[in-house]
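Me: I am new to this structure and would like to be led through it with some care. Could you show it to me before we begin?

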Amino acid sequence: MITVLNYGGGNLKSVENVLNKINAPFKTTDKASDIEQAEAILFPGQGHFGQVMANLTEKKLDIALKTALNKGIPFLGICVGLQVLFDSSDEAPGIAGLSIFKGTCHKFTTGKIPQIGWNKITTTKSNSFLTDDFYYFVNSFHVVPEHPEIVSATANYHVDFTASVQHKNIFATQFHLEKSGQIGQDVILKWMNQK
Amino acid sequence: MITKRIIPCLDIKDGQTVKGVHFENLAKAGDPVSLAEKYYNDGADELVFLDITATNDKRKTILDVVEAVASKVFIPLTVGGGIRSIEDIHNLLLAGADKVSLNTAAVVNPQLIYEGAKTFGSQCITIAVDVKKIENTYFVVTNAGTKKTDYTVTEWVKKITDLGAGEILLTSMDTDGTKAGYDLEVTQLVSDMTNLPVIASGGAGANVKHFTDVFQKGHADAALAASIFHFNELPIPELKSQLKQAGVNIR
């Protein structure tokens with residue numbers, strides 16, 4: 001059973017549609033206790049770093065997520081669900097992220113912003129879920145981890161940037177798996193069926 | 001590097017596609033869900049739905065269409081037509097739209113762009129900018145091209161950028177429906193002056209050069225077309241493979 005985090009924003013519906021399509025059992029919640037007791041957590045993203053952190057804090061979901069991730073519960077984060085794992089973001093100066101990983105989110109400085117569209121990723125040796133393929137991105141900010149070994153894929157948008165991270169029980173992508181067609185669904189299935 | 005996007009546009013009236021769509025193996029003629037699925041399977045990068053329902057009491061039908069499509073098609077969906085309020089935007093996003101496209105309402109009430117971007121994020125606020133060249137200047141027009149505004153395209157694009165728009169859907173009323181190619185002049189003008197991604201629209205014929213030109217000369221980030229796809233004059237797989245051969249970065 002996948003527990004989908006409803007933090008009061010984002011494109012919840014798209015993620016639920018995909019989970020229905022691949023026959024994945026799931027429940028959607030905004031309760032901290034559900035997160036702490038989940039078998040697996042999916043954090044669908046879309047939104048402003050500061051606003052998302054404020055919503056999480058208000059419902060004590062920030063503490064629940066930290067507890068769950070430290071306990072080793074499998075986690076999949078998408079877009080802002082990747083970004084909030086880090087210390088901070090230029091999008092919301094002074095707002096603390098979950099600090100699961102060291103690093104910050106920077107804004108793209110070159111090209112059209114946001115990046116919108118399909119971009120090809122290059123996986124690293126840390127990756128076990130993704131294929132080197134095209135995925136759908138919508139982002140103005142990208143994470144810059146202090147520890148490069150957690151990076152599981154990179155892509156290029158006028159600059160090389162982190163497209164996904166994978167470390168122990170945590171997997172998170174900057175791109176939208178739920179909007180990346182069949183390939184995105186295959187990745188969610190693979191994550192779901194991991195040992 | 002990011003690829004150029006190919007976007008079919010479906011006109012929806014009272015919940016059905018209009019402009020007689022000709023595909024023999026579609027389950028139901030006029031059914032937007034079947035057509036959307038076909039384009040999804042053909043490799044479309046996104047889909048745009050334009051609701052041209054005239055009567056307000058039938059407007060709700062677009063929500064049903066979006067909901068049905070979103071449960072079967074897993075690429076970004078943009079919906080435009082008749083959106084006037086934050087509530088309209090919210091309802092479409094809840095139904096499964098990823099972006100909304102604002103046109104007349106944005107000109108009448110530019111604050112809607114700001115409020116929409118603040119509430120839902122810039123990434124889901126696309127502004128449909130319809131333009132017409134009048135005495136050598138491109139002016140913004142509304143109400144399906146029937147009403148000229150006082151905004152030149154450069155003034156308007158600056159304004160919507162400041163208000164927090166996330167993307168521009170640029171339609172040239174001078175080339176729309178001609179099938180003689182996109183309006184390269186205004187596409188390049190807008191693409192080069194803004195930091196926002198630009199979807200070019202209006203004038204695509206069954207000619208791959210129209211697309212290579214709009215990407216390479218017009219500097220567009222995406223190209224939208226309707227009838228050439230609906231009438232199977234230039235199928236998406238063929239268009240994409242020829243664009244790749246021409247050196248355009250395509251998925």
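What follows is a set of questions and replies on the model shown above.

Me: What kind of model is this, and what pLDDT do local features need?
Reply: This is a predicted model, in which side-chain atom pairs count only at pLDDT 80 or more, totals for chains, interfaces and linings use all residues, and local features need pLDDT of at least 70. Residues are numbered from 1 along each chain as its sequence is written, chains are lettered from A and ligands numbered from 1 in the order in which they are written, and side-chain values use heavy atoms, with hydrogens and water left out. For local features, then, the pLDDT needed is at least 70.

Me: How compact is chain B?
Reply: Chain B has 10 helices and 11 strands (DSSP runs numbered from the N terminus, helices being H or I of at least four residues and strands E of at least two). Its radius of gyration, taken over C-alpha atoms, is 17 Å, close to the 18 Å that the globule rule (2.2 Å times the number of residues to the power 0.38) gives for 251 residues, so chain B is as compact as a globular protein of that length.

Me: What percentage of the residues in chain B is buried?
Reply: The C-alpha trace of chain B spans about 45 × 45 × 35 Å along its principal axes. A residue is called buried under 20% relative accessible area, exposed over 50% and partly exposed in between, with a 1.4 Å probe and protein chains only. Of the 251 residues in chain B, the buried ones make up 57%.

Me: Which element gives the most to the lining of the largest pocket?
Reply: On a 1 Å grid over the protein atoms alone, a pocket is an open set of points with protein on both sides within 12 Å along at least five of seven lines, whereas a cavity is a set where a 1.4 Å probe fits but cannot get out, and lining residues have an atom within 4 Å of a point. The largest pocket holds about 1200 Å³ of space and is lined by 47 residues, of which Q46(A), G47(A), F120(B), G121(B) and Q123(B) lie nearest its centre. Elements of both chains give two or more residues to this lining, among them helix 1 (12-21) of chain A and helix 3 (86-95) of chain B. The most, four residues, comes from helix 5 of chain B.

Me: Which element supplies the largest share of the lining of the second largest pocket?
Reply: The second largest pocket contains about 950 Å³ of space, and L50(B), I52(B), N103(B), D130(B) and A144(B) lie nearest its centre among the 37 residues that line it. The elements of chain B that give two or more residues to this lining include strand 1 (5-13) and strand 6 (125-134). The largest share, three residues, comes from strand 3 of chain B.

Me: What is the volume of the largest cavity?
Reply: The count comes to three cavities of 30 Å³ or more. Residues that line the largest cavity include Q46(A), H176(A), D98(B) and Q123(B). Its volume is about 80 Å³.

Me: Is K60(A) buried or exposed?
Reply: K60(A) lies in the loop between helix 3 and helix 4 (61-71) of chain A, and its phi is near 60°, a positive value in a residue other than glycine. With a relative accessibility of 54%, K60(A) counts as exposed.

Me: Which peptide bond is cis?
Reply: P114(A) lies in the loop between strand 6 (103-107) and strand 7 (115-120) of chain A. With omega at about 0°, the cis peptide bond joins I113(A) and P114(A).

Me: Which element of chain B do the buried residues of helix 1 of chain A pack against?
Reply: The buried residues in helix 1 of chain A are L12(A), S14(A), V15(A), N17(A), V18(A) and L19(A). Within chain A they pack against strand 1 (2-5), strand 2 (26-29), strand 3 (40-43) and helix 6 (181-192), and in chain B against helix 2 (61-70).

Me: How far apart in space are F137(A) and C79(A)?
Reply: F137(A) lies in strand 9 of chain A and is buried, with a relative accessible area of 0%. Its contacts (heavy atoms within 4.5 Å), leaving aside neighbours within four places in sequence, include I116(A), F161(A) and F175(A). F137(A) and C79(A) are 58 residues apart in sequence, while their C-alpha to C-alpha distance in space is 8.5 Å.

Notes. Points joined across faces, edges and corners; volume = space filled by probe spheres on them.
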